Amino acid sequence: MTRSTRIRRAALATGAVAAVAATVFTAAGAYAGTAPAAAPDIDVKAVKGDLDQLQSIADANGGNRAHGQPGYKASVDYIKGKLDKAGFTTKVEEFDGSGAKGYNLVADWPGGDESKTVMAGAHLDSVPDGPGINDNGSGSAGILEVALAVAKAELNPTKHLRFAWFGDEEDGMVGSQAYVDKLGADKSKIDSYLNFDMIGSPNPGYFVYDDDTRLEKVFKDFFAKKNIATEKETEGDGRSDHASFKDAGIAVGGLFSGADYKKTEEQAKNWGGEAGKAFDACYHQSCDTSKNIDDKALDNNTDAIAHALWELSS
């Protein structure tokens, strides 16, 4: 997160025997896709494995994965390799930012109505001062493992699914703004954009973006079923990549586990952790390493991402 700008399935009964209809049709008889089952549980160990890889990339490249530095491009290559192997159509889009060449990685899952595209995104760059494992390796790894779960399930959603990893967020959402600017008239094809920037903070909170009521409800309902209290996300308003989409009139939603604000007594009562201390005391520092993660928050938030994408794309 930047500091600067801060089924559906129909069962037909024949006598006492129910037969499952595998395909849903519109009133005009056109194919509308098969309804997905419930979203799978995402293995937090796999997410942590990706974070370990991002940590290794930073360690091998001067301790960071910042825009314009070799660690950032190596991070793009790592994620792209996994997506290509899983069957996604990927492309690396270049842009100029802060005097250096930047890269956005975009991955499309085949099928679905592209005039109603559901996007999940995260910024992949760190600040120059550290490896950026919570900010924002956590969101980047979370959506990566959800994308891989889509491929494993051979999901056939009604709406098109797209995932994106943006560069140079830390200088003011430069990569995501470049992406949105290139959309032009295609902005109308983006049904919704979900942003995930810091989802594994070590003293975590459960914050849900309140920019769009429909998208907010999807996440709040998920957490309510798990008896996890949520709050409206306000700390990151205008400070992450969803701002680029929101300013273009696109519906946005997302999750956040907190940065350098301090947890209140009431929040500690609801979520555990330590009151009076920052949600992430290593925010934008060299100590934002693979040890700077709360596994439970990372697990809950990644499962919430999967739930939202399964529901919103059906």
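Two helices count as oblique when the angle between them is neither under 35 degrees, nor over 145, nor 65 to 115. The legends below describe views of a predicted model.

**Figure 1. The whole protein, with its 8 helices and 10 strands.** The protein has 314 residues, and buried residues make up 53% of them. It exposes about 13,100 Å² of surface, of which carbon and sulfur atoms supply 49%.

**Figure 2. Helix 1 packs against helix 3.** Two packed helices are described by the angle between their axes and the distance between the axes. Here the angle is about 130 degrees and the axes are 9 Å apart. Helix 1 covers residues 44-59, and helix 3 covers residues 133-153. An angle in none of the ranges for roughly parallel, roughly antiparallel or roughly perpendicular counts as oblique, and helix 1 and helix 3 are therefore oblique to each other. The crossing of helix 1 past helix 3 is right-handed. On the side of helix 1, the residues that meet helix 3 are A46, V47, D50, L51, L54 and Q55. Helix 3 contributes I133, G137, S138, A141, G142, L144 and E145.

**Figure 3. S138, a buried residue of helix 3.** The relative accessible area of S138 is 0%. Since buried means under 20%, S138 is therefore classed as buried. Apart from neighbours within four places in sequence, S138 is in contact with L51, I133, M198, I199, G200, I293 and L298. L51 is one of the helix 1 residues that meet helix 3. The C-alpha atoms of S138 and D197 are 7.4 Å apart, although these residues are separated by 59 residues along the chain.

**Figure 4. The cis peptide bond between D135 and N136.** Omega of this bond is about 5 degrees. N136 belongs to helix 3.

**Figure 5. Y72 in helix 2 and its surroundings.** Helix 2 spans residues 70-86. Is Y72 buried or exposed? Y72 has a relative accessible area of 2%, and because buried means under 20%, Y72 is buried. The side chain of Y72 reaches the backbone nitrogen of G167 at 3.2 Å. Leaving aside neighbours within four places in sequence, the residues in contact with Y72 are R65, A66, H67, Y103, L124, D125, W165, F166 and G167. L124 lies 52 residues from Y72 along the chain, yet their C-alpha atoms are separated by 7.4 Å.

**Figure 6. N195 in strand 7.** Strand 7 runs over residues 190-196. The relative accessibility of N195 is 0%, so this residue counts as buried. Which side chain makes a polar contact with the side chain of N195? The partner is the side chain of Y209, at 3.1 Å. Y209 is also among the residues in contact with N195 beyond four places in sequence. The others are G121, S240, D241, H242, G253, G254 and L255.

**Figure 7. Two loop residues with positive phi, E154 and N227.** Phi of E154 is near 50 degrees, and E154 is a residue other than glycine. E154 is found in the loop between helix 3 and strand 6 (159-166). N227 is not a glycine either, and has a phi of about 55 degrees. The loop that holds N227 lies between helix 5 (213-225) and strand 9 (231-232). Exposed means over 50% relative accessible area. E154 has 66% and is therefore exposed, and N227 has 73% and is therefore exposed.

Key. Residues are numbered from 1 along each chain as its sequence is written. This is a predicted model: local features need pLDDT of at least 70, side-chain atom pairs count only at pLDDT 80 or more; totals for chains, interfaces and linings use all residues. Side-chain values use heavy atoms; hydrogens and water are left out. Helices (H or I, at least four residues) and strands (E, at least two) are DSSP runs, numbered from the N terminus. Buried means under 20% relative accessible area, exposed over 50%, partly exposed in between (1.4 Å probe, protein chains only). Contact means heavy atoms within 4.5 Å. A polar contact is a pair of N or O atoms within 3.5 Å; within protein, one must be able to donate a hydrogen and the other to accept it, and residues adjacent in sequence count only if both atoms are side-chain atoms. Accessible areas come from the Shrake-Rupley method with a 1.4 Å probe; for residues, only the protein chains shown count as cover. Axes are lines fitted to C-alpha atoms, for helices over the stretch in contact, and angles run from 0 to 180 degrees between N-to-C directions. A crossing is left-handed if the near helix is turned anticlockwise from the far one by less than a right angle, and right-handed if clockwise.
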